[in-house]
Amino acid sequence: MTRVTETIVILDFGSQYTPLIARRVRELRVYCELLPHDAPPDEIRRLAPRGIILSGGPNSVFDPDAPTLPDFLLDLNVPLLGICYGMQLLAHQLGGRVEPSARREYGHATIYVDRPDALFADLPTALAVWMSHGDQVTALPPGFVALAHSDTCPIAAMAHPARKIYGLQFHPEVAHTPRGLELLRRFLFDVCGCAGEWSPTAFIAATREQIRARVGDARVLCALSGGVDSTVTATLVSRAIGAQLVCVLVDHGLLREGEARAVIELFERQNIEIVPVDAAARFLAALRGVAEPEDKRKIIGAEFARVFVETAQALTSAKPIRFLAQGTLYPDVIESRTPERRTAARIKTHHNVGGLPPDLPFELIEPLRYLFKDEVRAVGLELGLPEAVVYRQPFPGPGLAVRILGEVTRARLDALRAADAIVRAEIENAGLARAVWQYFAILTPLKTVGVMGDGRTYENVVAVRAVTSVDGMTADWARLPDDVLARIGSRIVNEVRGVNRVVYDITSKPPGTIEWE
């Protein structure tokens, strides 16, 4: 993603909440980049950051292999904000004292503001916050002052006002700290001097310029999956290089009902070259007998890559295809534990991140790699894409393969595709499409006894999943009206062969993920 006129660097020490810091900074219309805690000095200097945020992390500063504070950061003379482990690291390395807490704090807490300057100006003296720490700062480094405390944490916030260095023991980035966004706003605007210039318009202009500069007169192959991410990617690349782009829609037989035709018609209307590839048979063959979700994702990623290589070779004329553009988003990067987040745990491999083979003969172009889903939608609207396309339901790259638990067969695909179409139709007909973040059906390997037509049945269970969310990083199960759920259940059981029971998933993220696989 391209740097704009002002940038905040977030150094990732491995906290599960680190992506939310980036999300909140973007909400405040300030561009940021999230880098590993040991990013090379030149990479950080290149960004000319207005400020640097040190994230939380799972380590103690006393661990033998604990990440440390890079010495050069203090020489940059830019404001620093340490959050949780980031605050402890500042205190530990600048001459303060960090000790294990007598009573660990995990969850809701109240802090009391002792010194309402800078970050806490005009805020209440008692603030609800979210704590998640086992160590705490017990003595300030030279030149620092305490800003707040809690009942169990003597220094819940600290500052060196002259050097513009701040530390918060709690997490302002999570929703459980209600005034957290205001604290971040004060750091960004009052301390760092940001103006809040990041916007979809600025992103599009900067990214088009970057793509043109990188691609030159080369050709680009863009991978289309039918979702909004790849659609926005293709449109953005097309606006940058025009006819040098050729889009490939691989119909792997795992798309939703009518999706391939809808995508082809959209790109034909935009005069963007699109090459449909019918690869359903080869994907089903590759998936035969495979039940493990990670194996499915990797097989699909590898098969995608092979299809693209073959298609590129077939399309090559006097000027070969050098680049592959794809719609990778930041949540994909986070959950796949790529080098950017090597201190975090892998949740699952996304086919377009960890599933690509190492010998891929293309250079990747991923203009949305550091965007969240709602930001992608904002960019899509700015590009003039129809709302029906921009707000199309999120859809995993591996498609329906990861919504079928167990082996993927043509018969099971047909059943899931029909059930999924019913779920989508009933929610959309009820006028709930924009209120619900994502909704779909899952075909389980479970069978239950039922009674249909006065006879015993022993058939499959379909699960329905519907969630509300802002960015896909966290989600809550959607409270769909009873009558909508009733229609969904009745229609699936009566219209989809081989299904005699429908259940509704009431799990939030975390602890679950949105997708089942």
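**Reading contacts in a predicted model**

Me: What does glutamate 27 count as, judged by its relative accessibility?

Reply: At 35% relative accessibility, glutamate 27 counts as partly exposed, because buried is reserved for values under 20% and exposed for values over 50%. Please keep in mind throughout that this is a predicted model.

Me: Which residue forms a salt bridge with arginine 24?

Reply: The general idea is that side chains of opposite charge can pair when their charged atoms come close. Here the partner of arginine 24 is glutamate 27, and their closest N and O atoms are 2.6 Å apart. Both residues belong to helix α1, where a spacing of three residues separates them by about one helical turn. Arginine 24 is buried, with a relative accessible area of 15%, whereas glutamate 27 is partly exposed.

Me: How many salt bridges does the count come to?

Reply: The count comes to 28 salt bridges, and one that spans a longer stretch of sequence is the salt bridge of glutamate 6 with arginine 50, for which the closest N and O atoms lie 3.6 Å apart. Glutamate 6 sits in the segment before β1, and arginine 50 in the loop between α2 (41-46) and β3 (51-54), so this pair ties together parts that are 44 residues apart in sequence. Glutamate 6 is buried at a relative accessible area of 2%, while arginine 50, at 33%, is partly exposed.

Me: Which side chain meets arginine 491 in a salt bridge?

Reply: The side chain of glutamate 426 does, with an N to O distance of 3.0 Å. This pair links distant parts of the chain, since arginine 491 is in helix α15 (residues 482-495) and glutamate 426 in helix α14 (residues 410-429), 65 residues apart. Glutamate 426 counts as buried at 8% relative accessibility, and arginine 491 is partly exposed, with a relative accessible area of 26%. The pair also belongs to one network, in which salt bridges that share partners join Glu426, Asp483, Arg487, Arg491 and Glu495.

Me: How many aromatic pairs does a search of the whole structure find?

Reply: A pair of aromatic rings is described by the distance of the centres and the angle of the planes. In this structure the search finds four aromatic pairs. In one of them, phenylalanine 13 with tyrosine 85, the ring centres are 5.7 Å apart and the planes stand at 55°, so the pair is tilted. Phenylalanine 13 comes from the loop between β1 (7-12) and α1 (18-27), tyrosine 85 comes from helix α4 (residues 85-93), and the pair thus links distant parts of the chain, 72 residues apart. Phenylalanine 13 is buried, with a relative accessible area of 1%, and tyrosine 85 is likewise buried, with a relative accessible area of 1%.

Me: What aromatic pair do tryptophan 477 and tyrosine 504 form?

Reply: Tryptophan 477 and tyrosine 504 form an edge-to-face pair, with 6.3 Å from centre to centre and 75° between the planes. Since tryptophan 477 lies in strand β17 (residues 476-477) and tyrosine 504 in strand β18 (residues 499-504), the pair ties together parts that are 27 residues apart in sequence.

Me: Where does the charged end of arginine 434 sit?

Reply: The charged end of arginine 434 sits over the ring of tyrosine 391, at 3.7 Å from the ring's centre. Another case is arginine 26, which lies over the face of tryptophan 198 at 5.8 Å from the ring centre.

Me: Which residues line the second largest cavity?

Reply: Arginine 26 appears again here, for the lining consists of Ala22, Arg26, Cys32, Glu33, Leu34, Tyr330 and Tyr370. The elements that give two or more residues to this lining are α1 and β2 (31-36), and β2 provides the largest share, three residues. By class, the lining has five nonpolar, no polar and two charged residues. The volume of this cavity is about 40 Å³, and the structure holds two cavities of 30 Å³ or more.

Me: In which helix is glutamate 268 found?

Reply: Glutamate 268 is found in helix α8 (residues 259-269), and this residue is partly exposed, with a relative accessible area of 49%. Sequence separation and spatial distance should be read as two separate quantities. Glutamate 268 and glycine 196 are 72 residues apart along the chain, and their C-alpha atoms are separated by 37 Å.

Terms used:
Residues are numbered from 1 along each chain as its sequence is written. This is a predicted model: local features need pLDDT of at least 70, side-chain atom pairs count only at pLDDT 80 or more; totals for chains, interfaces and linings use all residues. Side-chain values use heavy atoms; hydrogens and water are left out. Rings of Phe, Tyr and Trp (its six-membered ring) pair if their centres lie within 6.5 Å; planes under 30 degrees apart count as stacked, over 60 as edge-to-face and the rest as tilted. Helices (H or I, at least four residues) and strands (E, at least two) are DSSP runs, numbered from the N terminus. Buried means under 20% relative accessible area, exposed over 50%, partly exposed in between (1.4 Å probe, protein chains only). A charge sits over a ring if NZ of Lys or CZ of Arg is within 6 Å of the ring centre and within 35 degrees of the ring normal. On a 1 Å grid over the protein atoms alone, a cavity is a set of points where a 1.4 Å probe fits but cannot get out, and a pocket is an open set with protein on both sides within 12 Å along at least five of seven lines; lining residues have an atom within 4 Å of a point. Grid points are joined across faces, edges and corners, and a volume is the space filled by probe spheres set on the points. Ala, Val, Leu, Ile, Met, Phe, Trp, Tyr, Cys and Pro count as nonpolar, Asp, Glu, Lys and Arg as charged, and the others, Gly among them, as polar. A salt bridge is a side-chain nitrogen of Lys or Arg within 4 Å of a carboxyl oxygen of Asp or Glu.
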